[in-house]
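This report describes one protein chain, going through its helices, selected residues and its pockets.

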Amino acid sequence: MEYALRPLLPPGKPIPLAIQEYQRLVRAKHALIATLGIEQKFDLLLANYLEYENELLRLGTQLLTSPLIHWNAFQHESLAVTRRLSNLLSAARLYVDHTDHDLGRLFGKDHEICVAVGRTNTERYDASFGFRLMEALRNGIQHRSIASIRLKHNVDEHPTSPNSNDRMAAARDRILVVSATSYLDVSELHDMNLKASVQAEIES
């Protein structure tokens with residue numbers, strides 16, 4: 001069997017290859033595709049994070065211009081935030097799990113890089129309550145319920161000069177802080193069947 005590399009742009013004559021050169025090119029192509037896949041999954045993760053934050057920003061801006069909101073509209077807003085959060089957590093899980101797999105294909109699962117990445121993930125899980133909570137929340141949303149995800153509208157006034165003795169100035173010089181915030185209803189987390197140790201951490 002003969003091996004050759006044929007340029008596509010512009011079309012050219014095939015370049016003969018030894019079988020060893022061909023096999024090296026095949027390995028390099030697979031490595032490049034795997035590496036690009038890792039970058040694409042990280043890009044997907046960042047895009048979902050931006051969409052989640054932008055959703056909250058959009059709702060806060062909408063609240064500033066239209067402070068009166070009816071029940072149906074608020075439910076749609078809540079579901080929109082839950083959807084963004086669910087997508088973000090799924091993208092994070094995909095990135096962590098698939099990157100582990102991709103690196104294993106590139107180097108072999110016992111390679112020092114794969115071992116280091118696995119150890120780092122374990123250390124971060126053990127060290128961060130936020131890490132444990134987000135992983136448990138992702139599993140709960142994926143397999144059980146979204147009932148515990150809540151949306152809250154916040155409208156607060158803050159004086160620009162809190163130490164001012166001039167009441168008229170204090171009443172005039174103030175800023176309005178408007179935001180939308182997502183939070184967890186701890187009382188309903190049991191319905192999500194979270195990992196027992198994380199459930200205990202949340203309740204404490």
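Helices, here runs of at least four residues in the DSSP assignment, are numbered from the N terminus. In that numbering, Ile69 is found in the loop between helix H1 (19–65) and H2. The model is a predicted one.

**Confidence**

The protein chain averages a pLDDT of 85, and 93% of the residues score at least 70. Among the elements of the chain, helix H5 (residues 167–172) has the lowest mean pLDDT, 60, while H3 has the highest, 93.

**Helix H1 and the loop after it**

H1 has 47 residues and reaches 68 Å from its first C-alpha to its last, close to the 69 Å expected at 1.5 Å a residue. Its buried residues are Ala34, Gly37, Ile38, Lys41, Leu45, Asn48, Tyr52, Glu55, Leu56, Leu59, Gly60 and Leu63. H2, E3 and E4 are included in what covers these buried residues of H1. In an α-helix there are 3.6 residues a turn, so residues three or four places apart point the same way.

Lys41 lies in helix H1. Is Lys41 buried or exposed? Its relative accessible area is 14%, under the 20% cut-off, so Lys41 counts as buried. Leaving aside residues up to four places away in sequence, Lys41 touches Leu94, Tyr95, His98 and Asp102.

In the loop between H1 and H2, Ile69 has a relative accessible area of 32% and is therefore partly exposed. With residues up to four places away in sequence left out, Ile69 touches Phe74, Glu77 and His153.

**Two buried residues of helix H2**

Thr82 lies in helix H2, as does Leu85. Thr82 counts as buried because its relative accessibility is 7%. Leu85 is also buried, with a relative accessible area of 9%. The C-alpha atoms of Leu85 and Gln23 are separated by 43 Å, the two residues being 62 residues apart along the chain.

The table sets out accessibility and contacts for these two residues, not counting residues up to four places away in sequence.

| Residue | Relative accessible area | Residues touched |
|---|---|---|
| Thr82 | 7% | Ile146, Ile149 |
| Leu85 | 9% | Tyr52, Leu137, Ile149 |

Ile149 is thus listed for Thr82 and for Leu85. One of the residues touched by Leu85 is Tyr52, which is among the buried residues of H1. Another is Leu137, which is buried in H4.

**Helix H4**

What span should H4 have at 1.5 Å a residue? The 15 residues of helix H4 (residues 129–143) should span 21 Å, and the end C-alpha atoms are 21 Å apart, which agrees. Ser128 caps the N-terminal end of H4, with a side-chain oxygen 3.3 Å from the backbone nitrogen of Gly130.

Arg132, Leu133, Ala136, Leu137, Arg138, Gly140 and Ile141 are buried in H4. The buried residues of H4 pack against helix H2 (71–107), helix H3 (112–127), strand E3 (149–159), strand E4 (174–184) and helix H6 (196–203).

**The largest pocket**

The largest pocket has a volume of about 710 Å³. Its lining is made up of 28 residues, and Ala92, Arg93, Val96, Phe131 and Met134 lie nearest its centre. H2, H3, H4 and E4 are the elements that give two or more residues to this lining. Which element supplies the largest share of the lining? That share, 10 residues, comes from H2.

Terms used: Residues are numbered from 1 along each chain as its sequence is written. This is a predicted model: local features need pLDDT of at least 70, side-chain atom pairs count only at pLDDT 80 or more; totals for chains, interfaces and linings use all residues. Side-chain values use heavy atoms; hydrogens and water are left out. The expected span of a helix is 1.5 Å times one less than its number of residues. Buried means under 20% relative accessible area, exposed over 50%, partly exposed in between (1.4 Å probe, protein chains only). Contact means heavy atoms within 4.5 Å. A polar contact is a pair of N or O atoms within 3.5 Å; within protein, one must be able to donate a hydrogen and the other to accept it, and residues adjacent in sequence count only if both atoms are side-chain atoms. pLDDT is the predictor's confidence in each residue, from 0 to 100. On a 1 Å grid over the protein atoms alone, a cavity is a set of points where a 1.4 Å probe fits but cannot get out, and a pocket is an open set with protein on both sides within 12 Å along at least five of seven lines; lining residues have an atom within 4 Å of a point. Grid points are joined across faces, edges and corners, and a volume is the space filled by probe spheres set on the points.
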